[in-house]
Amino acid sequence: MMKRQRNFNRALKSHVGRQMFTSVPLLILFLSIMFLFQSAVFYFVELPEKGFEPLIVSLGSALLFFFGFLLFKRKPHFNHYSMLNFGLLVLFYFIQFYLLVFLNIRYLGILLLFIQCLSGYYLLSNRFFYGFTFFNAFNFFYYLIFHEIQNVPADSLLTMVISILLSLLIHMDRRKSLITLADSYEKQKELNNRFRQLEENIRQVFILCTADFKQILYVSSTFESLIHVSRDEFMSNPPIWRQFIHHGDRMRVDLEMETALKEKKPRDFDCRIVNRERVEWLRFQLFPFRGDKSKSVNRFAVIVDDVTGRKEAELQLAEARSLDGEMAARIQKNFLFSDFDDPVDGIDCAADSIPSLDVGGDYYDIYKFSPQILDIIIADVMGKGRTAALLGAASKSAFMKARLDLAVKLEKIPPIDLIVSETSRSLSGELMQMGKFITLQYARLHLEKGFFEFVDKGHTSILHYSARLNCFWSLKGWNMPMGFNPGEKEVTSLIPVEEGDLFFLYSDGIIEAENEEGEQFGERRLTYLLKNSIHLTSNQIINKIMNIIFHYSSSDSFSDDITCIALKVEKTRMKPSQTNLILEGRRESLHALRSFTDSFLKDTFPGIDSQSRDALIIALNEAVANVIEHNYEKEPQLEGREIYLEAEKKGTYCCFRLFWNGEEFDWSVIRAPELSELKSGGYGVSLMKEIMDSVSYSSNIDGVQQLIMIKEVLSVQ
Amino acid sequence: MKAAEKNGIRIITLETDHLDALNSEEIKKNMISNSEGAERIVLNLGNLTFVDSSGLGAILTVFRHIGGRNGKMVIAEPRESVKVLFKLVRLSHMIKVFERESEAISHLQ
């Protein structure tokens, strides 16, 4: 019987393993079968001696347990199966106990031992095992002491001995298994402990969650140091962490999570969180994997790292870099652009420059040679940024050196064309090698002579407001940008200065500033703007223009550097005294022009030598002939229109200004032809340039053209 | 305009006092027609008080025209005011200029 039980036990054990009685219905069925089997034994063995009573109890119990099995069969996932199993075993035990004690079927004691084993092995609880052991011991002692002392039947004694041996065996086994259990528990504990140490001491936070991020399966304890939310709170309500995300990053984080969810590939991203009113940077690393024997990705392991320190260092570095840029901009502002701490009497001067990047290729320089002479440089180095700024600095220092060298060499204030050609000579080679060039104007306001002189090297035109004529002239010079042709002869243009005149020098960034429609600001707009601002001081004019350009241009920063200089002539020593002539725009007028010029020169410059006089007459004749040929003869209806000539003596200089209405005409196009190639005419402009000290051509926005010719008459007596 | 023949040398004397954009075309044509058939020509500018670049162009056209048929042309007796222009354009590099007409004739002979 016992052997069969043990065999059965072993068979069962090997068949279903340790999982055997985790299912309550299965245990009930098993116990029911035990009763059935017992009933059969009772029927054959005990029926003659003990009657029907044990059989009825056994069969009844079998039926009871079978109905119990049917009842519990529908509820396979009964949670507290261990307590229920214990109850069932207690029931089984006391039924057997009843049979053993009151119906005196002594070999059933073996079943009590069996229950003892079951409780220990399969319910995995020491309490249950020792409870049953206690009952068993009580049971055996009862037999031994009170009933069997006089008449001891062999079977009872045998049962008792086996019981005690089994009890001891089981106890030994239990001890061993307990030790293993304790051992494995210790190991588990150690493992847990190590993991705990790991997770507590690693700065990063580990999170294990389902692939939809809706359920958090595990989160390490350091989590609370990241966000001011307890682990439990986070576990029960995972979306709670979203409210800590910096609102600027929320959309991005959602997108990142969505992408990770969709792609199911490892993914990194950074985001800012606001934790205890501090902004911190977190780096998320998502690792998708298949957990719990799942066929598809259903888990995400997430490592969260606080990267605030690193990010701050990066930001500091970036800041340091921009600080470097700021420093460069400051150096440029302070050293490349001069301030006018030394004002010139009678001149109201202001300048400003806004680079498109931190630093730009534009620069200006204002240098006071004497109380009457103010030199101005405005330059635009091709390109932008630091290379351009460095080139600007280099050219500025080259200008200063040229100025000084020439002043020492000539022992007087050097003429501007020499300064420019000296600088061009020293810079052009390097510029040409680098493939760079500089457009610039070197201007000089000479109050004593009453002239504004300039050398224009391919720069934008200078706007000259003539107070007497109340209009703006767009002045252009004759030369190419520095870095094109080092041997080029620099040509000075002279413009008579009168009281109230304004000279506005600017870089192309102003007229090329674009609005949202891509329309450029243009010289016309600038001219109108200046015309309306003429009553303001230079400083106010500059500020106004900078503001308007800033609002006009569509972007936050300009696409090009913006530089402008305003020079307002408040007073001059000379009062203007012109002699005027109005000519009809036809060739017959040339004779009248010649006699006018002749008598003007004889009157105002009595000591003039005849050669100079004749040359001046030729120059004037050429100029007017050119105007007639290029403007009035092309359009028959224009023929005969008037040409105004203004002749003026300005110190030792004689100035002639011609005004006429007509098309803009590019005088610089006419190159001096070789004499051998000379046909008729065509030599006029080069003759004029050769005879005069300065020939400058300009036009105003109303279509009036102006030609200024100036010559110093040296032989005046 | 006056044209005279002396020892096989044609002397063309301009009678106008100016040679400028107004009359240079007309005078150029006259000069060319007056120089026809002559190999050696003296252009007397004694009457001219003013020549401009178009006038100079006219003179050069005539010079080139004569040079084109292997003729020779010199200029004689320019006034000071005209010499200013000649000096400016360095005309003497191309055309010989003489103070007196007799010098020009003896040069051509």
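The following legends describe close-up views of a predicted model.

**View 1. The contact between chain A and chain B.**
This view shows the contact to which chain A contributes 25 residues and chain B contributes 22 residues. On the side of chain A that touches chain B, at least two residues come from each of α17 (590-604), α18 (610-632) and α19 (684-691) of chain A. The greatest contribution to this side is that of α18(A), which gives nine residues. By character, the residues of the side of chain A that touches chain B comprise nine nonpolar, eight polar and eight charged.

**View 2. Helix α15 of chain A and its buried side.**
Helix α15 of chain A spans residues 522-532, and its buried residues are A:Leu526, A:Thr527 and A:Leu530. These residues lie on the same side of α15(A), because the arc they cover around the axis is only 100°. An α-helix has 3.6 residues a turn, so residues three or four places apart point the same way. The exposed residues A:Arg524 and A:Asn532 are carried by the face of α15(A) that is turned away from its buried side. Four elements of chain A pack against the buried residues of α15(A), namely β11 (462-466), β12 (471-475), β14 (502-506) and α14 (508-511).

**View 3. Strand β20 of chain A and its partner strands.**
Strand β20 of chain A covers residues 704-712; seven of its nine residues are buried, so the strand is largely enclosed by the rest of the structure. Strand β18 (residues 653-661) of chain A pairs with β20(A) in the antiparallel sense, over nine bridges. Within this pairing, A:Leu658 has A:Leu707 in β20(A) as its bridge partner. Strand β19 (residues 694-699) of chain A is likewise antiparallel to β20(A), with six bridges between the two. Here A:Ser699 stands opposite A:Gln705 of β20(A). The hairpin of β19(A) and β20(A) has four residues between the strands, and in this hairpin A:Gly703 adopts a positive phi near 85°.

**View 4. The open five-stranded sheet of chain A.**
In chain A, five strands with antiparallel pairing form an open sheet in the order β2-β1-β5-β4-β3. The edges are occupied by β2 (216-219) and β3 (267-275) of chain A; each has a single partner strand, so one side of each is left without a neighbour in the sheet. From one strand to the next, the twist averages 25°. Strand β1 (residues 205-210) of chain A runs antiparallel to β2(A) and is joined to β2(A) by three bridges. The residue A:Cys209 has A:Ile216 in β2(A) as its bridge partner. Helix α10 (residues 250-263) of chain A lies across β3 and β4 (278-289) of chain A, and the helix runs at about 150° to β3(A).

**View 5. The fold of chain B.**
Four helices and seven strands are present in chain B. Read from the N terminus, the elements of chain B follow the order β-β-β-α-β-β-α-β-α-β-α. Of the 109 residues in chain B, 47% are buried. Among the contacts in chain B with a separation of 6 or more, 74% involve residues 24 or more positions apart.

Technical notes. Residues are numbered from 1 along each chain as its sequence is written. Chains are lettered from A and ligands numbered from 1 in the order in which they are written. This is a predicted model: local features need pLDDT of at least 70, side-chain atom pairs count only at pLDDT 80 or more; totals for chains, interfaces and linings use all residues. Two residues are in contact if their C-beta atoms, placed from the backbone, lie within 7 Å. Ala, Val, Leu, Ile, Met, Phe, Trp, Tyr, Cys and Pro count as nonpolar, Asp, Glu, Lys and Arg as charged, and the others, Gly among them, as polar. A residue is buried if 20 or more other C-beta atoms lie within 10 Å of its own, exposed if 12 or fewer, and partly exposed in between; C-beta atoms are placed from the backbone. The arc is that of the directions from the helix axis to the C-beta atoms. Two strands pair if DSSP finds at least two bridges between them. Axes are lines fitted to C-alpha atoms, for helices over the stretch in contact, and angles run from 0 to 180 degrees between N-to-C directions.
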